[in-house]
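Q: Can you walk me through this model? I'd like to know what lies behind each label.

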Amino acid sequence: MSSASKSHVPLVILGAGVIGLTIAYLAACDSDVVFDITIIARDMPGDWGSQAWGANWSPMPLGATDERVRRWEKTTFDRLWEMAPSGLVKRLPSRMFSETDEILSSLWWKDLVRDFRLLSDSEIPTPYKVGITFNTVCVNPWEYLSWFRSELESRGVTFRRQYVTSLDEVKHFVGKNGLLVNATSLGSRSLIGVEDTALFPIRGQSIIVESNNLQEFISARSGANLSEHVTSIIPRPGLIQTNTALLNGTYQIGNWDTSLDMFGCERDI
Ligand SMILES: Cc1cc2nc3c(=O)[nH]c(=O)nc-3n(C[C@H](O)[C@H](O)[C@H](O)COP(=O)(O)OP(=O)(O)OC[C@H]3O[C@@H](n4cnc5c(N)ncnc54)[C@H](O)[C@@H]3O)c2cc1C
């Protein structure tokens, strides 16, 4: 059946982060249904905020207990790994060090990444107790999200910048037979009609540096809790922004503050 003779389904996606854009892309490439896609969001690809995260593939704890998360993580990892020749994704040698051996009980993902192995004592610097190495993938968020936007616009997707307080505000875009996807992430906490109070922020502070020499993801954890005091270096691919790396040293659960705190950064690193 030609796309002209197929019925068109309105698809409204709230949120233009990596999740909203990926959903839009998959829907736009669907060969069975023709979606008329509108993306509505407060922040758009290319905005300053889209620079600020890593972004490498790192395992999330939920994968240990939730089969769905494991499936999503594997699909994402394999797809990104295959995308490396495009230049949008970088294959990244990685080492992670930890002061406690808690990390050893959370390795549900070791067969998902490439070339995983435990480091020997001689390969682990003081004061760390455990070390692992593997190959993962990372993207440059600013370039990756901008690429999504141009791919989507070339497929007829409409972008609309709008802050939405309630799902009712976008109902008229969805119509009677359309679909609405909520991909607002933390925004869902206050979005009327969703109000997901299980969501909470984790505050990170990052610095982007230019360097040819940083070619490896390194992360070091100190403290008893796995998520405390994680310092990391994430080199990123770049077709436009070449040779950049993100330095992270802050991981504050429950902190909503988005302003820069030079002293807080120093304390955590
Ligand atoms: C410092 C830092 C480092 C990180 N490093 C990594 C990393 O290395 N690897 C990794 O995988 N993840 C990393 N993350 C996490 C990663 O950034 C998020 O998991 C990811 O961006 C979430 O994507 P998303 O599409 O779900 O949501 P978001 O990127 O938050 O996008 C949400 C979208 O919804 C829109 N929106 C929200 N509320 C409303 C509203 N009411 N009305 C209209 N629009 C709304 C926003 O404008 C935005 O467009 C890091 C995060 C931080 C802060």
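A: Sure, and let's start with a definition: two strands pair if DSSP finds at least two bridges between them. Keep in mind that this is a predicted model. Here, five bridges join β3 to β10, and within β10 the bridge partner of serine 98 is arginine 221.

Q: What makes β3 and β10 a pair, and do they run parallel or antiparallel?

A: The cut-off is at least two bridges, and β3 and β10 are joined by five, so they count as paired. The two strands run parallel.

Q: What about β10 and β11: how do you know that they pair?

A: Set the count against the cut-off again: β10 and β11 share four bridges, and at least two are needed, so they pair. The sense here is antiparallel. For one facing couple, look at serine 219, which stands opposite serine 232 in β11.

Q: Why is β10 called largely enclosed?

A: Buried means under 20% relative accessible area. Four of the five residues of β10 (residues 217-221) are buried, so the rest of the structure largely encloses this strand.

Q: What makes β5 a mostly covered strand?

A: Count its residues: in β5 (residues 130-139), 10 of 10 are buried. Val130, Ile132, Phe134, Thr136 and Cys138 point one way, while Gly131, Thr133, Asn135, Val137 and Val139 point the other way, and all are buried.

Q: Which strands does β5 pair with, and how do you know that?

A: Strand β3 (residues 89-98) is joined to β5 by 10 bridges, and strand β4 (residues 114-118) is joined to β5 by three. Pairing takes at least two bridges, so both β3 and β4 count as partners of β5. Both pairings are antiparallel. On the β3 side, arginine 95 stands opposite threonine 133 in β5. On the β4 side, arginine 114 stands opposite asparagine 135 in β5.

Q: Why is methionine 44 called buried?

A: Its relative accessibility is 5%, and buried means under 20%, so methionine 44 counts as buried. You'll find methionine 44 in the loop between β2 (34-41) and α2 (67-82).

Q: What does methionine 44 touch, leaving out residues up to four places away in sequence?

A: Methionine 44 touches Ala16, Ile39, Arg149, Phe159, Arg160 and Arg161. Take arginine 160: methionine 44 and arginine 160 are 116 residues apart in sequence, with their C-alpha atoms 8.8 Å apart in space.

Q: How far is lysine 74 from aspartate 47 along the chain and in space?

A: Lysine 74 and aspartate 47 are 27 residues apart along the chain, and 29 Å separates their C-alpha atoms.

Q: Why is lysine 74 called partly exposed?

A: Partly exposed is the range between buried, under 20%, and exposed, over 50%. Lysine 74 has 44% relative accessibility, so it belongs in that range. Lysine 74 is found in helix α2.

Q: What labels do serine 185 and asparagine 243 get, and why?

A: Serine 185 has a relative accessible area of 55%, which is over 50%, so serine 185 is exposed. Asparagine 243 has 33%, between the two cut-offs, so asparagine 243 is partly exposed.

Q: What is there to say about phi in serine 185 and asparagine 243?

A: Phi of serine 185 is near 55 degrees, a positive value in a residue other than glycine. Serine 185 is in the loop between β7 (179-182) and β8 (202-203). Asparagine 243 also has a positive phi near 55 degrees without being a glycine, and it is in the loop between β11 (230-236) and β12 (244-248).

Q: Where is there a cis peptide bond, and what is its omega?

A: The bond from threonine 126 to proline 127 is cis, with omega near 5 degrees. Proline 127 lies in the loop between β4 and β5.

Q: Let's zoom out. How many helices and strands does the protein have, and why is it called as compact as a globular protein of its length?

A: The protein has five helices and 13 strands. Its radius of gyration is 20 Å, and the globule rule gives 18 Å for 269 residues; the two values are close, so the protein is as compact as a globular protein of that length. Of the 269 residues, 41% count as buried.

Definitions and conventions
Residues are numbered from 1 along each chain as its sequence is written. This is a predicted model: local features need pLDDT of at least 70, side-chain atom pairs count only at pLDDT 80 or more; totals for chains, interfaces and linings use all residues. Side-chain values use heavy atoms; hydrogens and water are left out. The radius of gyration is taken over C-alpha atoms; the globule rule is 2.2 Å times the number of residues to the power 0.38. Buried means under 20% relative accessible area, exposed over 50%, partly exposed in between (1.4 Å probe, protein chains only). Contact means heavy atoms within 4.5 Å.
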